[in-house]
Amino acid sequence: MSGTSEKAAIGMVGLGRMGANLVRRLMRDGHPCFVLDRDPDAVAALVAEGATGTTDVAEFVASLPSPKTVWVMVPAGAITDSVVTMLIGMLGTGDCIIDGGNSYYRDDIRAARARPAPPHSVATRANPRPAHPHRPLRTSAPSLLLLSSS
């Protein structure tokens, strides 16, 4: 062993300002990133920067190495619920979903009761400087693992 550790691959769903800049930060830190968005231009921009990307959900899930980690950064509400529910149906044991949506806490409680594992909250704080290297991540858990589809 060379003494270096391999960085975890991350799949990002939602390439708005926050999702795209999180991908840039993760890639800058050496994480392989796989991206999914309904906007092909948003995907193409990050592919040009080194990500692997698609607009097809099945292709996205298949491209991720196992165990799969998918970070969802779509608008809060019904869209977040539908994306997370769809992903749970496509992922396997040991795969993880990070629900990074800016959800109302009561929606999180309701959704957590319907999901297969106890979730933890991960929040990203807005920062006026895109892809700022010191954007803080807050979590109520010791890791970013939110949901296990086991």
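**A walk through the predicted chain**

Let's begin where the model is least sure of itself: over residues 118–130, pLDDT stays under 50, and for this stretch the model has 37 contacts beyond four places in sequence. Keep in mind that everything here is a predicted model. Residues 132–150 tell a similar kind of story, with pLDDT under 50 throughout and 62 contacts beyond four places in sequence. Taken over the whole protein chain, pLDDT averages 77, and 67% of the residues score at least 70.

Now for the overall layout. The protein chain has five helices and eight strands. Reading from the N terminus, you'd meet them in the order β-α-β-α-β-α-β-α-β-α-β-β-β. Of the 150 residues in the protein chain, 43% are buried. If you take the contacts between residues at least 6 apart in sequence, 57% of them join residues at least 24 apart. As for the outside, the accessible surface comes to about 8400 Å², and carbon and sulfur atoms account for 56% of that.

A good place to zoom in is strand 2, residues 33–36. What covers its two faces, or rather, which residues sit on each side? C33 and V35 are on one side, F34 and L36 are on the other, and all of them are buried. Strand 2 also has partners. Strand 1 (residues 10–13) runs parallel to strand 2, and four bridges join the two. Within that pairing, M12 has V35 as its bridge partner. Strand 3 pairs with strand 2 as well, again in the parallel sense, over three bridges. Here V35 turns up once more, standing opposite G53 in strand 3.

How does the chain get from strand to strand? Strand 1, helix 1 and strand 2 form a right-handed β-α-β unit. Strand 2, helix 2 and strand 3 make a right-handed β-α-β unit too.

One last detail ties into those helices. The salt bridge count comes to one, and the pair is E49 with R24, whose closest N and O atoms are 3.0 Å apart. The two residues are 25 apart and link distant parts of the chain: R24 belongs to helix 1 (residues 17–28), while E49 lies in the loop between helix 2 (40–48) and strand 3 (52–54). Are these two buried or exposed? Neither label fits: E49 is partly exposed because its relative accessible area is 41%, and R24 is partly exposed because its value is 26%.

Methods:
Residues numbered from 1 in each chain as written. Predicted model: local features only at pLDDT ≥ 70, side-chain atom pairs only at ≥ 80, totals over all residues. Heavy atoms only, no water. pLDDT = per-residue confidence, 0-100. Contact = heavy atoms within 4.5 Å. Salt bridge = Lys/Arg side-chain N within 4 Å of Asp/Glu carboxyl O. Buried < 20%, exposed > 50% of the residue type's maximum accessible area, 1.4 Å probe, protein only. Areas by Shrake-Rupley, 256 points an atom, 1.4 Å probe, with all protein chains shown as cover. Pairing = 2+ DSSP bridges. Right-handed = clockwise from strand over helix to strand, strands pointing away.
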